[in-house]
Amino acid sequence: MFQTVPEGAPVLTAEAMRAAEERAIAEGSSVAELMEHAGTGVADWVHRLAAGSEVLILCGPGNNGGDGYVAARALAHRGVPVRVAALGEPKTEAAAQARAAWGEPVESLSGETEAAPVLVDALFGTGLTRAIDATLAETMRRLVAAARLSFAVDLPSGVDADAGNTFGCDLPGYDLTLALGALKPAHLLLPAGASSRTVRLVEIGLGEIDGPVRTLERPGIAAPRRDAHKYSRGMVVVISGPMHGASELAARAAYRAGAGYVLLLTGGLPNPPHAIVRQRWSEGALDDERIGAVVTGPGLGRDDRAREKLDAALASDRALVIDGDALHLLDLDMLKDRAAPVVLTPHAGEFDALFGAGQGSKIDRALDGARRANAVVVFKGADTVMAAPDGRVTVAPMGNSWLSVAGTGDVLAGAIAAMLAQSSVDALGAASAGVWLHGTAARMLDRCFLADELADALALAYERAR
Ligand SMILES: NC(=O)C1=CN([C@@H]2O[C@H](COP(=O)(O)OP(=O)(O)OC[C@H]3O[C@@H](n4cnc5c(N)ncnc54)[C@H](O)[C@@H]3O)[C@@H](O)[C@H]2O)[C@@H](O)CC1
Ligand SMILES: [K+]
């Protein structure tokens, strides 16, 4: 499985959403007006996809429920058969108005509520701060499972909008999540993100929305220029160690992600592909001015020899991708005064070892790590988050689950290095482009694969990035 979300879209916390709402109100809008936009936007989607089937809308006590009542009225107005089941009376003025304007009967939501072919969940949105009742969760799962088509209004009910957790509750997966005004972290971060396989944005009249956190977008990388040569395409050096395979994968990936020259510093025997140039490690190996980026970590080992190689890489003024074993040897102080870009690519275990368990969402933690390390941090996982020390963050949609196999991290390190070496983008742009190529290659394969095949498929993904 993988996720489809709007590309390059701002991701706002619940507090930032409230601020945007207040700005809109200060400029002459009102909660009722925003709710009207939200509910009719939801009704547009439901009307388009429901094809005349009966729609059951579940309304909660807050403004998320208010959106549901507006959607019910808009759908009924268009002749769609609608039932509304509510969890108690509306508690906000705008939601109460929306319910009054609905004007039709409202069922009481319970374990007895009859299912319908189309289900719209407008129970809770950004206002949820604690777990939903277990019986309610069971009812939601039953109604979603029984529906042919299910929609979540703003968020699947039961998630923490900012942290992306579900308070320990097992939530159903919706066919379509309609994010109101902007995406929230819970659309993307696990475990909540798993409930939103496809997310679409509904404009609600908040005006221009901006922010430092955005979803991943197609990088727009070009074919080589007419006057390109191997060095202008980017020279990548991969520092090998005792586990040759990992560095071979990174080197192969760098070529397939468009690098012009890939040099593997290895003690191993020559292997295909012969395009990868092999040299023994030496102290001056990184002195070549033409080197665009260096990868260290995949298969490096953690012994003194590995430490010596990492120290040499850090002492060079080359752009670095630090992965795998090198993350275990790294001391953050070593990065403090570095001018050339550094990209760290930890998975969860490596992240914890480097930065500690920490507080907050994966976005908060990645950002805190980037600031502390003075480096771009690619916090890997099914929900990869990339953060730069200046506060910018890119969140990737949930990756293809076939990526959960050995060697895919080495491939990612090589792809990011190719981007760092050849492109004019900064380190966050290079990391994002690498993650995009990697995720797209996996989507194109969409079956069980070897990391070697993933590396080769980067070339196909590259075609799509243009
Ligand atoms: N921010 C905006 O600009 C707009 C937000 N709108 C909607 O408003 C939503 C946020 O509305 P609210 O802040 O009213 O919050 P919600 O509607 O998400 O839920 C809050 C309500 O649920 C209750 N509640 C919280 N946790 C509960 C639990 N575990 N069990 C039972 N009840 C619980 C609270 O007491 C409160 O009544 C958004 O998600 C969106 O759908 C739209 O109406 C339009 C504009
Ligand atoms: K909802």
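Trainee: Which helices each supply at least two residues of the shell around ligand 1?

Mentor: In this predicted model, look at α1 (14-26), α2 (31-50) and α3 (63-77). Of these, α3 gives the most to the shell, with five residues.

Trainee: And which residues come nearest to ligand 1?

Mentor: The shell holds 30 residues, and Glu21, Gly62, Asn63, Gly125 and Gly127 come nearest. By character, the shell divides into twelve nonpolar, twelve polar and six charged residues.

Trainee: Okay, on to the sheet. How do I read the strand order?

Mentor: Start with the general idea: strands of a sheet pair through backbone hydrogen bonds, either parallel or antiparallel. Here you have an open sheet of seven strands, running β3-β2-β1-β4-β5-β6-β7, and the pairing is parallel. At the edges sit β3 (107-108) and β7 (199-202), each pairing on one side only.

Trainee: Where could I check one pairing, say strand β5 with strand β6?

Mentor: Go to residues 149-153 for β5 and 176-180 for β6; they pair in the parallel sense over three bridges. Put your cursor on Phe151: its bridge partner in β6 is Leu176.

Trainee: What span should I expect for helix α12?

Mentor: Allow 1.5 Å a residue: α12 (residues 427-445) has 19 residues, so it should span 27 Å, and its end C-alpha atoms are indeed 27 Å apart.

Trainee: Is α12 mostly covered or uncovered?

Mentor: Mostly covered, since 15 of its 19 residues are buried. Then look just past the helix, where Asp446 takes a positive phi of about 45 degrees.

Terms used
Residues are numbered from 1 along each chain as its sequence is written. Chains are lettered from A and ligands numbered from 1 in the order in which they are written. This is a predicted model: local features need pLDDT of at least 70, side-chain atom pairs count only at pLDDT 80 or more; totals for chains, interfaces and linings use all residues. A residue is near a molecule or strand if its C-beta atom, placed from the backbone, lies within 6 Å of it. Helices (H or I, at least four residues) and strands (E, at least two) are DSSP runs, numbered from the N terminus. Ala, Val, Leu, Ile, Met, Phe, Trp, Tyr, Cys and Pro count as nonpolar, Asp, Glu, Lys and Arg as charged, and the others, Gly among them, as polar. Two strands pair if DSSP finds at least two bridges between them. The expected span of a helix is 1.5 Å times one less than its number of residues. A residue is buried if 20 or more other C-beta atoms lie within 10 Å of its own, exposed if 12 or fewer, and partly exposed in between; C-beta atoms are placed from the backbone.
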